[in-house]
Amino acid sequence: MRIAAVDVGSNSIHLVVVEADPLGGQRVLAREKAMVRLALGEAKSGEIGPEAYRAGLEALAHMAKVIGDLGCDTVMACGTAALRDARNAQAFVLEAEELGIPIQVISGEEEARLIHQAVSHAIPFPQEPVALIDIGGGSTEMTWVQGGRVAASISLPWGLQRLADAAQTTDPPTAGDLKRLRRMIRRILKKARKDLPSELPEPALALGTSGTLEDLAKGAGDGRAFTVAQLRALALRLWRSDAAQRIERLGVDPKRAEVLHVGAIWALSLLEWLGAPPLRHLPVGLREGMIWEALKHGGAAIPPLADRRRASIEQLASRLDPDPGHSRQVVRLADQLFLALQPHFELGDTERQWLAFAARLHDIGFSISEKGHHKHGEYLVRNATLPGFWPHEVDLLAQVVRFHRGKAPHHAKHEAFRALAPWHRQVVRKLAAILRAADALDRRRRQAIRNLSVAIDEEALQVRLEAQGEVEAEMATFLEKGALLGTLLDRRIEVTLG
């Protein structure tokens with residue numbers, strides 16, 4: 001079996017092609033890499049720039065030829081932060097598909113899960129706590145592992161290119177630039193702490209899996225590992241140099257020379273945040289995790305056939321949903337909210353589908369009893385036969401249905417929620433928050449809300465409604481049920497009529 005995995009990252013696009021035998025052995029047939037910097041300038045413009053857009057498609061066209069020449073049985077392609085956030089990402093994905101590269105845009109949580117999968121097959125985890133760190137161009141994924149078990153995971157919507165764009169340092173950078181960057185990073189990490197368990201193991205070792213950390217390892221250590229003290233010394237040299245000097249004197253890759261000083265401070269801040277463990281770089285990443293995911297499912301690309309999955313959901317809903325008009329309205333409104341919030345929640349194509357499925361099923365518990373229908377719905381989803389879904393997806397959908405109303409999910413209070421993998425707990429919180437808000441907007445089941453638009457600033461999430469008739473009850477309920485959304489976004493909720 002020949003499997004091709006394409007990682008369409010915010011900085012680089014990677015391809016690996018492996019030949020796998022029935023026992024799981026792998027032989028690498030090809031590796032390709034192109035640094036196209038899809039995320040360059042995206043934070044300011046909201047789009048992939050024309051030069052990066054063209055370079056990305058040219059790289060994918062070359063990789064498609066390699067894949068075709070090798071006669072691959074399975075082709076998998078995952079897009080990360082740049083494709084989660086850019087306004088023109090869908091156009092890029094459609095053009096890539098025409099080239100023979102079907103890109104699935106994945107969430108930050110799924111990215112963290114697949115990276116953990118790659119690392120767990122690359123080395124045996126030590127018994128002492130470790131932290132996995134992957135610094136991409138648009139996001140950073142971190143996972144805490146203790147005794148071989150995942151304790152927590154988080155995706156931060158800040159990577160090397162996005163931080164560099166936001167920091168706007170001069171060349172060479174100044175002490176004021178460094179002070180502003182440090183202040184910005186402190187705010188990012190303070191907010192991140194709120195999304196993690198109150199008690200986390202302090203890692204004795206950090207494992208890094210990205211090109212940025214590989215470059216830092218080459219500059220700070222022996223190319224494989226470095227200490228916090230070594231990284232601090234390298235950061236000082238990078239900040240005392242301009243881009244040309246970083247290339248000439250420090251041997252920095254020319255394509256990273258403009259931004260690696262920012263990456264050094266970001267990596268240093270993360271390690272200090274973790275308790276200052278040494279870092280070891282591993283030459284694996286998302287693409288290797290994708291290979292192992294395919295092998296785990298018999299060589300199948302992920303996810304399974306969409307038509308089969310939709311049919312499973314509709315079959316269950318047609319038997320148990322007492323008000324299909326309401327559920328379909330909630331699906332529509334939830335999708336509008338999802339698309340508006342996607343850049344802030346770092347969610348992908350699969351999570352969008354999960355939200356639609358959970359919204360379609362959120363009221364099936366009424367078939368048992370109105371009281372506690374969210375809990376009955378969880379039971380019905382968990383025990384349903386849903387062809388086309390992996391078991392962990394069924395568990396996740398059940399939890400989104402469970403928490404579409406009532407108390408917010410909490411790992412210490414809700415056993416089934418606690419049983420989910422840490423990255424899936426994060427996804428459930430986000431999807432349940434969106435579903436609560438969408439459900440509130442059809443409070444009286446009259447489908448009065450025609451459309452909605454969303455604006456977000458540093459202080460508030462502002463939702464403007466287009467409605468037919470009086471919707472004061474829906475607006476009041478939205479403010480109440482939108483509380484979890486406000487908590488996750490760290491903003492107050494406002495709703496007005498357009």
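Select Asp134 and Thr209 to start: their side chains are joined by a polar contact of 2.9 Å. The model on screen is predicted.

**Stop 1: Asp134**

Keep Asp134 selected and show the secondary structure; the residue sits in strand S6. Asp134 is buried, yet it has no salt bridge. To see what lies in the direction of a possible partner, add Arg287, the nearest side chain of opposite charge, which is 7.1 Å away.

**Stop 2: the second largest pocket**

Leave Arg287 on screen and add Asp7, His14, Ser210 and Gly211. These five residues lie nearest the centre of the second largest pocket, whose lining has 33 residues. The space in this pocket comes to about 510 Å³.

Next, colour the elements that contribute to the lining. Strand S2 (12–20), strand S3 (26–35) and strand S6 (130–135) each supply at least two residues. So do helix H5 (108–122), helix H8 (211–220) and helix H12 (286–296). If you colour the lining of this pocket by class, expect 16 polar, nine charged and eight nonpolar residues.

**Stop 3: Glu109**

Stay with helix H5 and select Glu109, which is found there. Glu109 has a relative accessible area of 4%, and because this is under 20%, the residue is classed as buried. Now add Lys430: its side chain makes a polar contact of 2.5 Å with the side chain of Glu109.

**Stop 4: salt bridges**

The structure holds 38 salt bridges. Three pairs and one network are picked out here.

Select Arg37 and Glu258 first. Their side chains meet in a salt bridge, at 3.9 Å from N to O. This pair links distant parts of the chain, 221 residues apart. Arg37 is in the loop between S3 and helix H1 (42–45), while Glu258 is in the loop between helix H10 (243–248) and helix H11 (260–274). Which of the two partners is buried, and which is exposed? Arg37 counts as buried, at 13% relative accessibility, whereas Glu258 is exposed, with a relative accessible area of 52%.

Move to Arg224 and Asp222. They form a salt bridge in which the closest N and O atoms are 3.3 Å apart. Arg224 is exposed, at a relative accessible area of 56%; Asp222 is partly exposed, at 48%.

Then select Arg382 and Asp395, a salt bridge with its closest N and O atoms 3.2 Å apart. This pair, too, links distant parts of the chain: Arg382 belongs to helix H16 (residues 373–382) and Asp395 to helix H17 (residues 391–402), with the two positions 13 residues apart in numbering. Arg382 counts as partly exposed at 32% relative accessibility, and Asp395 counts as partly exposed at 28%.

For the network, select Glu42, Arg84, Asp85, Glu111, Arg162 and Glu346 together; salt bridges link these residues.

**Stop 5: Phe92**

Select Phe92 in helix H4 (residues 89–98). Its relative accessibility is 0%, and it counts as buried. Add Ile48 and draw a line between the two C-alpha atoms: the distance is 8.8 Å, for residues 44 apart in sequence.

**Stop 6: backbone details**

Turn on the backbone atoms and go to Asp171 and Pro172. Which kind of peptide bond joins them? The bond is cis, with omega at about 5°. Pro172 is found in the loop between helix H6 (160–167) and helix H7 (175–193).

Two residues with positive phi remain. Select Gln447, where phi is near 50° although the residue is not a glycine. Gln447 lies in the loop between helix H19 (422–440) and strand S12 (449–456), and is partly exposed, with a relative accessible area of 26%.

Finish at Asp490, also a residue other than glycine, with a positive phi of about 60°. Look for it in the loop between helix H21 (483–489) and strand S14 (492–497). At 43% relative accessibility, Asp490 counts as partly exposed.

How values were computed. Residues numbered from 1 in each chain as written. Predicted model: local features only at pLDDT ≥ 70, side-chain atom pairs only at ≥ 80, totals over all residues. Heavy atoms only, no water. 1 Å grid on protein atoms, 1.4 Å probe; cavity = no way out; pocket = protein on both sides within 12 Å on 5 of 7 lines; lining within 4 Å. Points joined across faces, edges and corners; volume = space filled by probe spheres on them. Helix = DSSP H or I, 4+ residues; strand = E, 2+ residues; numbered from the N terminus. Nonpolar A, V, L, I, M, F, W, Y, C, P; charged D, E, K, R; others polar. Buried < 20%, exposed > 50% of the residue type's maximum accessible area, 1.4 Å probe, protein only. Lys, Arg positive; Asp, Glu negative; His and termini not counted. Salt bridge = Lys/Arg side-chain N within 4 Å of Asp/Glu carboxyl O. Polar contact = N/O pair within 3.5 Å; in protein donor to acceptor, adjacent residues only side chain to side chain.
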